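Biologist: Please show me the model. I would like to ask why its parts are given the names they have.

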Amino acid sequence: FRADVDEPMLRLLRALDGTSTAREAVLASLGEEALPRAAELLRAAINAADRGRDDRMRFKSWAHLISVSEAAGEAMVPEAAAAFARIGPDSDLEVHWLTAQATLLGNLGKPREAANKFLEVVALREQIEGAASPNIAGALLSAGAVLLNTDLDQAIALARRAVAVTERAYG
């Protein structure tokens, strides 16, 4: 770590640190009282998707519910996994599923495992869209944010890579 070179990346990661997960984003924008309501609405979406036989919406709702539910999300993984398996191969939904798993791991205080899942998102997006895709930047930043307090050098390296990808894509 070199303060003169790495300080901008560190500021970027610290800015993300409080909202690096869906749960934290809800907390930051709406407050603690919004989480039960968000979970209630997502359960209603799952029920509606079941009634309408919309497997994609059912899976996405389960994935979001896992993301905002913290420790309780772990018990929901089998339902979400079954919903995902029922759909069959779909790379976009696989990205969604990996992101939900990464978010859950971050919520459970498992930063290394969460970062590895976010890096799986990066690898899958690179495979689908190419290494220069700007869509990998978010997963790189999320991986860096969850590592901020455990592996500062890796967190900064991931943030640098995200910035480089974004600059190449958008100038």
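Modeller: A helix here is a DSSP run of H or I with at least four residues, and helices are numbered from the N terminus. The expected span of a helix is 1.5 Å times one less than its number of residues. This is a predicted model, in which local features need pLDDT of at least 70 and side-chain atom pairs count only at pLDDT 80 or more, while totals for chains, interfaces and linings use all residues. Residues are numbered from 1 along each chain as its sequence is written, and side-chain values use heavy atoms, with hydrogens and water left out.

Biologist: How do you know whether H9 has the span expected for its 19 residues?

Modeller: Helix H9 covers residues 152-170, and its first and last C-alpha atoms lie 27 Å apart. The expected value is 27 Å, so the two are close. Right after H9 comes glycine 171, with a positive phi near 85°.

Biologist: What does the end-to-end check give for H7?

Modeller: H7 also has 19 residues, which should span 27 Å; the end C-alpha atoms are 26 Å apart, and that agrees. Just after H7, glycine 130 has a positive phi of about 100°.

Biologist: Which residues of H7 are buried, and what covers them?

Modeller: A residue is buried under 20% relative accessible area, exposed over 50% and partly exposed in between, with a 1.4 Å probe and protein chains only. In H7 the buried residues are Ala114, Ala115, Lys117, Phe118, Val121, Val122, Leu124 and Arg125. Their cover includes H6, helix H8 (136-147) and H9. H9 has buried residues as well: Ala155, Ile156, Leu158, Ala159, Ala162 and Val165.

Biologist: Why is lysine 117 counted as buried?

Modeller: The relative accessible area of lysine 117 is 18%, under the cut-off, so the residue is buried.

Biologist: What makes lysine 117 and glutamate 120 a salt bridge?

Modeller: A salt bridge needs a side-chain nitrogen of Lys or Arg within 4 Å of a carboxyl oxygen of Asp or Glu. Here the distance from N to O is 3.6 Å, so the pair qualifies. Both residues sit in helix H7 (residues 111-129), 3 residues and about one helical turn apart. An α-helix has 3.6 residues a turn, so residues three or four places apart point the same way. Glutamate 120, at 36% relative accessibility, is partly exposed. Asp50, Arg58 and Glu79 are joined into one network by salt bridges that share partners.

Biologist: How many salt bridges are there in the whole structure?

Modeller: The search finds 9. One of the pairs is glutamate 40 with arginine 37, at 2.8 Å from N to O. These two are 3 residues apart in helix H3 (residues 34-52), about one helical turn. Glutamate 40 has 47% relative accessibility and counts as partly exposed; arginine 37, at 44%, counts as partly exposed too.

Biologist: Where in the chain are the partners arginine 56 and aspartate 90?

Modeller: Their side chains meet in a salt bridge at 2.3 Å, N to O. The pair links distant parts of the chain: arginine 56 is in helix H4, and aspartate 90 is in the loop between H5 and helix H6 (91-107), 34 residues apart. Arginine 56 is partly exposed at 35%.

Biologist: Why is the ring pair of phenylalanine 59 and phenylalanine 84 called tilted?

Modeller: Rings of Phe, Tyr and Trp (its six-membered ring) pair if their centres lie within 6.5 Å; planes under 30 degrees apart are stacked, over 60 edge-to-face, and the rest tilted. The structure holds 3 aromatic pairs. In this one the centres are 5.2 Å apart and the planes stand at 45°, so the pair is tilted. Phenylalanine 59 lies in helix H4 (residues 55-68) and phenylalanine 84 in helix H5 (residues 73-87), so the pair ties together parts 25 residues apart in sequence. Phe59, Phe84 and Trp97 form one aromatic cluster.

Biologist: Are phenylalanine 59 and phenylalanine 84 buried or exposed?

Modeller: Phenylalanine 59 has 0% relative accessibility and is buried. Phenylalanine 84 has 17% and is buried.

Biologist: Why is arginine 53 called exposed?

Modeller: Its relative accessible area is 74%, which is over the cut-off for exposed. Arginine 53 is in the loop between H3 and H4, and has a positive phi of about 55° although it is not a glycine. Most residues other than glycine have a negative phi.

Conventions
Contact means heavy atoms within 4.5 Å.
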